Amino acid sequence: MLFSSAHRLVVAAFLSCALMVGSFASACPFCSAPSLTLTEQLNASQAAVLVQWAGGDEPNREKSFSGTTNYEILEIVHDESGSLEKGQVLNLDRYRAAQKGDLFVLLGTLSDARIEWSSPLEVTEASYNYMRQAPTKEVATTQRLAYFMKFLEYPDKLIADDAYGEFANAPYEDIVPLRSVMPRDDLRGWLSDPQTTPTRYGLYGLMLGLCGQEEDAEFLKNMILEETDDFRLGIDGVMGGYLVLTGAEGLDVIDESKLANRDVPFSETFAAMQALRFMWTYGDGEISPERLRQSMRILLDRPNLADLVIVDLARWKDVSVMDRLITIYNSEEYNVPSIKRSIVRYFLITEKDSTTTAEGEVPEHVATAKAYLAKLREEDPKTVKAAERYFFD
């Protein structure tokens, strides 16, 4: 068998992650999946109040009673019902153990003129003020992010996690304008600190690439070249930031250390692929398309990555690899259904290229793709049909 079952599972897991990232294409490219932030929850609610715990009735299993909890309203953030008052005591189903005076935020929606409250969110005075002072959704995203950037590593975990969530939800193009005010020294410190939440390395590496200087390029390079056998969360963002800062010169380093080097873990090579994809989509020409294609082509030598690479080369209109792909198709080393289907899909995509020559004729690569497809339909109709079904569904 060409690949072990364990290796196939690893590849499948990474592909699943790549698809999940793709589904949030408008969000921060190297952040964990977007979540509903505190400000978004606050904005979406029709009633919001700061309350303090004021006792309640504990559960009684014999009577199937789940208990109730009393909350005294200290401040009304907003109230579309017009029914709430400061000092009012709200009695909610289910008992929640706490201490008198503990603070919570209650968010509610209106249902038949009645407020349906969500689960109480425990807050401190600091986290409540953070929520209250945060810019609303009406403010431009870049301006909002300038506020949240100050809280990325705030001591209160609720605040720090939420500030990160705002960046995770933000489009990359709204993060870029902040490069002149990004906390460069702090970013280096956070990336060096083993206590930093690993999922944030991707964002911080990308930000350092945006705002960094020459010595920061060396810092990111050393971080990338650190020898490891472990899966490193966020290293793709560190590579992305490094490429933003160094361009094609930095890509030479990535080529040698992560793409051509077969001794590095699969996760490191996959992270480098993600960095290439990022530069293709967001690099704004800092690295030329052909130079990025050149790096991706290196991975055609890796059967365990070929199916993913071929899809990228098709999207990137790399027509230089057509002859090589036919050779791969007939190679025993690449005799894997997923690779063969990817090659067929490459030719399906290429034959649909709508560009024309200066004389208004069909380009040579389109004609070549059609010819290769005809050859594969004759020699391996089952695989072509399977690829077409997936391609057109």
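Reader: Why is Leu300 called buried?

Author: In this predicted model, Leu300 has a relative accessible area of 0%. Buried means under 20%, so Leu300 qualifies.

Reader: What makes up the surroundings of Leu300, leaving out residues up to four places away in sequence?

Author: Leu300 touches Val309, Ile310, Leu313, Val321, Arg324, Leu325, Ile328 and Tyr334. Leu300 itself is found in the loop between α13 (289-298) and α14 (306-315). Take Leu313 from that list of contacts: Leu300 and Leu313 are 13 residues apart in sequence, and their C-alpha atoms are 9.9 Å apart in space.

Reader: Why is α14 described as largely enclosed by the rest of the structure?

Author: Eight of its ten residues are buried, so α14 earns that description. The buried ones are Ala306, Asp307, Leu308, Val309, Ile310, Asp312, Leu313 and Ala314. After α14 comes Lys317, with a positive phi near 55°.

Reader: How do you know that α10 is largely enclosed too?

Author: The reasoning is a count of buried residues: ten of the twelve in α10 are buried, so the rest of the structure largely encloses this helix. Among them are Ile235, Asp236, Met239, Tyr242 and Leu243. The cover over the buried residues of α10 includes α6 (172-175), α7 (184-192), α8 (201-211), α9 (214-225), α11 (248-259) and α12.

Reader: What span does α10 reach, and what is expected of it?

Author: Helix α10 (residues 235-246) reaches 16 Å from its first C-alpha to its last, close to the 16 Å expected at 1.5 Å a residue. Gly247 follows α10, and its phi is positive, near 65°.

Reader: Turning to the cysteines, how do you know that Cys28 and Cys31 form a disulfide?

Author: Their sulfur atoms are 2.1 Å apart. A disulfide needs the two sulfurs within 2.5 Å, so Cys28 and Cys31 meet the cut-off. The structure holds one disulfide. This link is right-handed, with 65° about the S-S bond, and both Cys28 and Cys31 are buried.

Reader: Why does Cys211 not bond to the closest cysteine sulfur?

Author: That closest sulfur is in Cys28, 14 Å from the sulfur of Cys211, which is too far for a bond. Cys211 is nevertheless buried, because its relative accessible area of 14% falls under 20%.

Reader: Now to the rings: how many aromatic pairs does the structure hold?

Author: There are 17 aromatic pairs in the structure. In one of them, the rings of Phe278 and Tyr282 have their centres 5.4 Å apart and their planes at 35°, so the pair is tilted. The reasoning is that stacked requires planes under 30 degrees apart and edge-to-face requires over 60, and 35° meets neither condition.

Reader: What separates Phe278 and Tyr282 along the helix?

Author: Phe278 and Tyr282 are four residues apart in helix α12 (residues 266-282), which means about one helical turn lies between them. Phe278 counts as buried at 3% relative accessibility, whereas Tyr282 counts as partly exposed at 22%.

Reader: Why are Trp280 and Trp316 called stacked?

Author: The centres of the two rings are 4.4 Å apart and their planes are at 5°, so the pair is stacked. The cut-off for stacking is under 30 degrees. This pair links distant parts of the chain: Trp280 lies in helix α12 and Trp316 in the loop between α14 and α15 (322-329), 36 residues apart.

Reader: Are Trp280 and Trp316 buried or partly exposed?

Author: Trp280 is partly exposed, with a relative accessible area of 27%. Trp316 is buried, with a relative accessible area of 1%.

Reader: Which residues do ring pairs link into a cluster?

Author: The cluster consists of Tyr130, Tyr147, Phe148, Phe151 and Tyr154.

Reader: What makes Lys340 count as sitting over the ring of Tyr329?

Author: The charged end of Lys340 sits over that ring, 4.1 Å from its centre. The distance cut-off is within 6 Å.

Reader: And which residues form the covered face of strand β3?

Author: Leu90 and Leu92 form the covered face of β3 (residues 89-93), while Val89, Asn91 and Asp93 form the uncovered one. Strand β2 (residues 68-79) pairs with β3 in the antiparallel sense over five bridges, and Tyr71 stands opposite Leu90.

Technical notes
Residues are numbered from 1 along each chain as its sequence is written. This is a predicted model: local features need pLDDT of at least 70, side-chain atom pairs count only at pLDDT 80 or more; totals for chains, interfaces and linings use all residues. Side-chain values use heavy atoms; hydrogens and water are left out. Buried means under 20% relative accessible area, exposed over 50%, partly exposed in between (1.4 Å probe, protein chains only). Helices (H or I, at least four residues) and strands (E, at least two) are DSSP runs, numbered from the N terminus. Contact means heavy atoms within 4.5 Å. Two strands pair if DSSP finds at least two bridges between them. Rings of Phe, Tyr and Trp (its six-membered ring) pair if their centres lie within 6.5 Å; planes under 30 degrees apart count as stacked, over 60 as edge-to-face and the rest as tilted. A charge sits over a ring if NZ of Lys or CZ of Arg is within 6 Å of the ring centre and within 35 degrees of the ring normal. The expected span of a helix is 1.5 Å times one less than its number of residues.
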